[in-house]
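Visitor: I am new to this structure and would like a close look at a single part of it. Please take one residue and its surroundings slowly, and then show me what lies further along the chain.

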Amino acid sequence: MITKLKRILYSRKLLLSAFLLACFVVAGCAPAGITVPRGWSGGVVADGTLFIGAMDGKIVALNTTDGKRLWEVPLEDSVVAIYGSPTVAGDLVYLGGYHSGKMYAFAQDKIRWVYPRDRAFVDSTGKIAQIIGGAIIAQGKVFFGVDNGVVYALDAMTGDYVWEFPTGGKIWSTPAIFGDTLFVGSFDKKLYALDTATGNERWTFETQGAIVATPLVHDNTVYIGSFDRKLYAVDVTTGQEKWRFLEAKNWFWAKPLAKDNTIYASNLDGKGYALDARSGDKLVEFDLGSPVSASPVLVGNRVIVATENGAVYAIDVENKESNKLRGPLQTKDIKVYAPLTTDGVVVYMHTSDGKLYAFDAVDGSELNWSPISLKQAAVPPPPSQQSSGQGMNWGSIIALFASGIVLVLVFQRLFKRRGS
Amino acid sequence: MSIGEIWDLIILAPLINVVIVSSYYLFGSFGLTIIVLTFIIRALMYPLTLKQLQVSKTMQTIQVQVAELRQKYAKDKQKLAQEQMKLYKQSGMNPLGCVLPMLVQMPIWIALYQSIMRVLATEPEAFLHLSQHLYPSWLLVFSQVPLQSQFLWLNLAEPDRSLLLPIVVGGSMWVQQKMTTIPSADPKQQSQNRMMLWMMPLMFAFLTLSFPSGLALYWVASNIIGIVMQYFVTGWGGLVIPGITTGKTTSGKKIKGQAVRQMASPVAKAKVAELVSPPEEGVGDGNGVQRQDRGGSYPARLGAIRRKPGGGGRHRRRRR
């Protein structure tokens, strides 16, 4: 019996099959969870037009009434992922490109200016530094942070350089402004308060984790969520901490929202928290069932929150009760990362498959033109359908099989020696 | 539960959390963490590696008997195959032992690659997904990411364009491969050996150009550990560096005894010179001197062709 078993174990075909099977299993596991940068741009509505970054690298202007495309412009010849939401000021729309590492200003369907003019933002090694956060416009300047850790201020009309301020880490956060102070969070765990005119540092507030969330300024206080699982309230003038909320179980990624002295902060632990703006005391906790990375919006007296699985909740600011407006999306692999957008009545939700959903904030019913696909060019499929991940993952799979072949050769050699 | 979720649960998530915590205690250096992680993985795989090395060593020691069989059954291939099979079984060899450590390491490479892409915040979606892989009870892991991507001259999230790392990866792999190469009298086998000797190092050097250097750092550390382990089990093997590896051996008494028995055969005697100094290998000094010491010591009466004066003496003296 044992001899028979040994013979089976020594069987070349069996071993080779087992090995190849192992290679396939391992290769199958390889792409799981590795993703391609595709973007999660939110939108902005101005004069009945929704401006949004599509996943095929275009800025798209849509008529909110019928969902018709008014115009679209690709950022570059090749597909550029867009993470930041567009910002509108006057007749210009501002948007940052991820792969291109540039800030763009559009006037209707024409590019007004691009910065940097010749090439792209770069990091200390000369590699392109991406733009992930959005821009904010004030005092005739456009402010934004770049992955190389630098905050830039440009002339909003011409795109001319005004000042820059280096931080100690990457910047993925969209800045916020209060008066003449700019607030921006960095991966170096600090919240920076900068003079909007000169870029000089006014104060810094250090947390214990990286900051990706956009700061919220409300009632002379800056509210900022951090990767240390805490939400901080900081005085806008002095940078002194007022309180901190400690009960969350994961990162704060989404921007908080304020209404009537209540701060609504959602967390990647799948919960939403309503906190007293003055004391930081927890008023209510909402179980949303899935992580929340998309910043919520306020529509009338309702805070609209979308979870990653696409479920949408409306929290009544009067009685602090939540009700589910929409169930999760049908396909498990399609997620909601992009900040929600509203025109005051309708909520717009950009999903990871490139579709735009438009639904009523009161009852969750979709508009008759919803959903529409924002992307027209082919973009990488969702992670679960990918045979490889970020660009070079094709290489990793090929490498895996190549090394598998080499191992088979080694194996065969050993057996050849036995059989020759 | 999908295969991807199982993978995440049992391999990726533990690796990510351990890497982050280790990095905290290793001065926040992700590079140092990868090196320490390699040590731990290689230590855990020690039994498998030992098996691999033993197979390699046994292969070396029974070469003479194989040659003897080849000569004896030159015209009867079937009988030759049977006898060889018998010989391998008698030697307790399992060729699977050679490839198992590499197979086991493949999921580790993949998991390490995925971890690097996440913990260094190389792309937004992957970094966002990282939050769902962190252990809620390990408070430290949440605030430590993203990890430091700079290590020496390397950005661990990016391939090393300076070519230095690919050279080190290829070089260290070549040395390791060379140490394990089994000499053969068969010209076909020799050419296959030569191909194997260069193919793997070149392939990995090439891969280093496109993979994050964090993964390449793992390969380098793993190769160096492998070389050291190999040295202590089989000596320098097929590697010959004039003035350094000449005559060095770490073989034990048992192997020596085996070799003595093998060499007692006149056929084997005749075949030995051919086996141990194949000119095509281009690694000997022309007379096969160094090759004799690869799998173990040979009888004193073969000393003239076995080693240079003094070669391997240190170990022999130690045994005495």
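Guide: What follows begins with one tryptophan, A:Trp40, and then turns to some unusual backbone places in chain A.

This is a predicted model, in which local features need pLDDT of at least 70 and side-chain atom pairs count only at pLDDT 80 or more, while totals for chains, interfaces and linings use all residues. Residues are numbered from 1 along each chain as its sequence is written, chains are lettered from A and ligands numbered from 1 in the order in which they are written, and side-chain values use heavy atoms, with hydrogens and water left out.

Chain A has 3 helices and 32 strands, where helices (H or I, at least four residues) and strands (E, at least two) are DSSP runs numbered from the N terminus. Of the 420 residues in chain A, 59% are buried, a word that here stands for under 20% relative accessible area, with exposed meaning over 50% and partly exposed in between (1.4 Å probe, protein chains only). Contact means heavy atoms within 4.5 Å, and among contacts in chain A between residues at least 6 apart in sequence, 44% join residues at least 24 apart.

A:Trp40 sits in the loop between helix H2 (12-29) and strand E1 (43-46) of chain A. With a relative accessible area of 7%, A:Trp40 is buried. Leaving aside its neighbours within four places in sequence, A:Trp40 is in contact with A:Ile82, A:Tyr83, A:Trp253, A:Tyr337, A:Ala338 and A:Pro339 of chain A, and with B:Pro124, B:Glu125 and B:Leu128 of chain B. The C-alpha atoms of A:Trp40 and A:Ile132 are separated by 9.3 Å, although these two residues are 92 residues apart along the chain.

The ring of A:Trp40 also belongs to one aromatic cluster, together with A:Tyr83, A:Tyr98, A:Trp172, A:Phe187, A:Phe227, A:Trp251, A:Trp253, A:Tyr337 and B:Phe127. Rings of Phe, Tyr and Trp (its six-membered ring) pair if their centres lie within 6.5 Å, and planes under 30 degrees apart count as stacked, over 60 as edge-to-face and the rest as tilted. Over all chains, a search of the whole structure finds 37 aromatic pairs. One of them joins B:Tyr24 and B:Tyr25, an edge-to-face pair at 5.0 Å centre to centre with 80 degrees between the planes. In that pair B:Tyr24 is partly exposed at 39% relative accessibility, whereas B:Tyr25 is exposed with a relative accessible area of 59%.

Further along chain A, the backbone itself deserves attention. Most residues other than glycine have a negative phi, and most peptide bonds are trans. A cis peptide bond, however, joins A:Tyr115 and A:Pro116, with omega about -5 degrees, and A:Pro116 lies in the loop between strand E8 (110-115) and strand E9 (136-138) of chain A. Another cis peptide bond joins A:Ser370 and A:Pro371, again with omega about -5 degrees, and A:Pro371 is placed in the loop between strand E31 (355-360) and strand E32 (372-373) of chain A.

Two glutamines have a positive phi although neither is a glycine. For A:Gln108 the angle is about 55 degrees; this residue is found in the loop between strand E7 (103-107) and E8 of chain A, and at 54% relative accessibility A:Gln108 counts as exposed. For A:Gln139 the angle is about 50 degrees; A:Gln139 lies in the loop between E9 and strand E10 (141-145) of chain A, and at 45% relative accessibility A:Gln139 counts as partly exposed.
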